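Student: I am new to this structure and would like to go through it with you. Could you show it to me, please?

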Amino acid sequence: MVIVKRKDLSLAERLWLPEIGRALSMTLRAIFKPKVTRQYPEEPLPTTAVTRGQPRLRILEDGENLACVSCGLCEAACPAYAITIDGHETERFIEREPEAFEIDMLRCILCGFCEEACPKDAIFMSNELELADFTRAALVYDIDKLKRPTAALTGRMDYFYKVTNRWRNSSSTS
Amino acid sequence: MATKTFEYAPGPNLAALNDDPLHGEIMQLSMGPQHPATHGVLRLEVELDGETIRRLEPEVGFLHRGKEKTCESLGWAKFFPHTDRLDYVQPLMNNIGYALALEKLAGIEVPQRGQEIRVLLMEISRIAAHLIYLGTTAIDLGAVSMFFNTFKEREKIYEILDAYTGHRMNNTYVRIGGVFADVDEELEAHLRSFLEGFRGEVDTFEKFLTGNRIWYDRNRDVGTITKDEALAWALTGPNLRGSGVEHDLRKAQPYSGYEDYEFEVPVGTVGDCYDRYLVRVEEMRQSTAIALQALERLKASRGGEVLAEDRRYVLPPKAKVHTSMEELIFQFKIVTDLSLPRGEAYQGIESSKGELGFFVVSDGTSRPVRCHIRAPGLYNVQAIPLVAEGRLFSDMVAIIGSLDFVMGEVDR
Ligand code: SF4
Ligand code: SF4
């Protein structure tokens with residue numbers, strides 16, 4: 001336990017003038033200190049692989065199909081009920097894909113739970129941060145607006161794999 | 001040169017009131033919910049007699065979002081992002097408090113390194129929250145440059161958190177059983193340099209304020225809460241310690257391994273706004289020391305696990321989910337139906353505002369039966385009339401600032 005020291009004001013502190021002089025000198029010195037304000041729209045925010053921007057769907061290496069198999073796990077994991085999925089069957093080797101995949105960006109809180117839940121590496125938090133539009137409807141993103149080539153998401157994927165590589169010492173799977 | 005101090009007796013100065021030409025004319029004033037000095041959407045119904053507060057009634061609930069009910073409908077794990085939004089100046093602290101309650105209920109052991117990271121996160125969150133207190137209270141009392149200085153420091157913390165969690169606020173990086181990501185060396189170095197520089201900054205803050213005549217006059221002997229009153233009104237945290245009660249949950253009921261850290265609990269003597277300010281400033285120093293100790297420990301435990309290996313509650317490694325059927329089943333099970341054993345648990349942590357407690361009751365399913373949040377801010381709001389009645393109206397700004405609450409948490 002430490003008892004905080006309540007000190008009484010000294011005479012110099014009681015007089016107003018020295019304080020005013022000190023304040024002015026501090027203001028003057030601040031002029032020459034480096035500026036810390038960020039000029040935001042002109043100077044964009046730096047983003048890294050850690051940045052959790054808006055979730056985006058990954059297109060497989062073949063360049064056309066989504067990695068998503070519409071299993072619905074991300075929908076179940078989403079705390080904001082932002083995701084709506086409608087799946088259907090296909091003739092491909094992976095027999096399912098989403099027919100409709102919508103993320104309501106107005107609801108999304110960028111928590112990253114969908115990314116964590118997805119068993120197929122189909123959804124990742126991109127580094128896209130800016131989100132503005134004129135109507136609400138335009139902010140409900142469909143597949144066309146959500147899909148991104150794998151190359152755009154590799155940085156995040158690598159980071160994500162590194163982070164979730166847990167229990168390195170354990171060998172059993174159950 | 002004249003050095004006359006403006007003085008008035010604490011409590012209603014009736015003799016002075018009788019001389020006041022406006023005395024006897026009661027004015028009803030509704031302050032807030034949109035008022036910069038109420039630190040959020042708090043409404044204060046004030047009855048004024050001249051400049052003196054006759055009666056004061058705080059009205060809360062303008063930011064009520066039904067968090068407790070939301071928890072009951074969302075389920076255990078999905079509530080984490082919502083805890084961020086309780087006391088939004090220290091999201092990680094709320095995350096950890098909630099996670100600790102769930103871990104207590106389920107009996108999960110957090111690995112050593114996970115605990116150390118949690119302590120580190122809690123302490124820098126505390127510093128960030130106290131910086132907000134200092135900045136906003138100072139700007140309310142007229143020290144505008146103080147606000148910029150504290151926010152400059154806070155910005156550094158947020159940049160570190162951004163580099164660690166990917167978000168500046170609302171981090172959601174704590175999971176049941178530990179934390180989501182490990183702290184790497186680069187971040188450790190960044191944190192260390194910040195913390196070492198921060199010590200000097202706290203001294204600068206004190207140089208700005210402690211001996212400043214305006215700050216001194218407006219805080220000294222204003223809003224005095226005695227020891228007994230503080231206990232009777234269930235105040236916790238710096239407000240209780242400012243009144244001279246040595247009670248800190250980190251010492252009294254250690255969690256996350258706080259018993260292994262060396263730190264002092266700052267305690268005031270009088271219990272006025274000035275004491276609460278001094279206690280918080282000292283707490284920032286202590287937090288810096290704890291965070292540095294945690295960094296030291298992290299150096300030793302590098303390579304350790306940060307999340308408990310428990311396949312009932314913790315998502316399996318992603319790479320294994322692709323290759324093992326078992327792990328895939330666990331993945332599905334945990335995401336869709338994470339259920340905690342039957343029972344109830346309460347865990348209180350020492351947040352920057354006081355005792356932040358989570359009381360959770362489970363009936364063994366994936367939805368909580370009850371999740372109660374003991375928000376320290378609510379108790380702090382309740383203490384406003386206690387100290388503001390009978391004082392000058394302008395003192396109320398200092399009192400509100402020094403009691404330090406965040407409406408997101410008060411209203412939940
Ligand atoms: S969890 Fe992944 S695979 Fe399943 S629906 Fe969501 S994005 Fe598609
Ligand atoms: S980031 Fe969170 S809120 Fe947004 S879609 Fe994913 S799970 Fe839902």
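Student: At what angle do helix 15 and helix 16 of chain B pack?

Tutor: Let us begin with the ground rules: this is a predicted model, in which local features need pLDDT of at least 70, side-chain atom pairs count only at pLDDT 80 or more, and totals for chains, interfaces and linings use all residues. Residues are numbered from 1 along each chain as its sequence is written, while chains are lettered from A and ligands numbered from 1 in the order in which they are written. Helix 15 of chain B covers residues 376-388 and helix 16 of chain B covers residues 393-403 (helices, H or I with at least four residues, and strands, E with at least two, are DSSP runs numbered from the N terminus). With axes as lines fitted to C-alpha atoms, for helices over the stretch in contact, and angles running from 0 to 180 degrees between N-to-C directions, these axes lie 10 Å apart at an angle of about 150 degrees.

Student: How are helix 15 and helix 16 of chain B oriented to each other, roughly parallel or roughly antiparallel?

Tutor: Angles under 35 degrees count as roughly parallel, over 145 as roughly antiparallel, 65 to 115 as roughly perpendicular and the rest as oblique. The angle here is about 150 degrees. Helix 15 and helix 16 of chain B are therefore roughly antiparallel.

Student: Which residues of helix 16 of chain B make the contact?

Tutor: Two residues are in contact if their C-beta atoms, placed from the backbone, lie within 7 Å. Helix 15 of chain B brings B:Asn380, B:Ala383, B:Ile384, B:Val387 and B:Ala388. From helix 16 of chain B come B:Asp395, B:Met396, B:Ile399, B:Ile400 and B:Leu403.

Student: In what order do the strands of the open sheet of chain B run?

Tutor: Strands pair if DSSP finds at least two bridges between them. Strand 7 (343-350) and strand 9 (368-374) of chain B are the edge strands, each pairing on one side only. Strand 7 of chain B joins strand 8 (residues 355-362) of chain B over eight bridges in the antiparallel sense. The order is 7-8-9.

Student: In chain A, how many residues lie between strand 3 and strand 4 of the hairpin?

Tutor: Strand 3 (residues 83-89) and strand 4 (residues 96-104) of chain A are antiparallel and share seven bridges. One partner pair is A:Ile85 with A:Phe101. The number of residues between the two strands of this hairpin is six.

Student: Which strand of chain B is joined to strand 1 of chain A?

Tutor: Strand 1 of chain A holds residues 2-3, and two bridges link it in parallel to a strand of chain B. There, A:Ile3 stands opposite B:Val267. The strand of chain B is strand 6.

Student: Which helix of chain B gives the most to the side that touches chain A?

Tutor: The contact takes 47 residues from chain B and 35 residues from chain A. Several elements of chain B each supply at least two residues, including helix 6 (144-165), helix 12 (273-300) and helix 14 (325-337). With seven residues, the one that gives the most is helix 14.

Student: Which residues come nearest to ligand 2?

Tutor: A residue is near a molecule or strand if its C-beta atom, placed from the backbone, lies within 6 Å of it. There are 14 residues around ligand 2. Those that come nearest are A:Cys78, A:Cys108, A:Cys111, A:Phe113 and A:Cys114.

Student: And which come nearest to ligand 1?

Tutor: Ligand 1 has 13 residues around it. The nearest are A:Cys68, A:Cys71, A:Leu73, A:Cys74 and A:Cys118.
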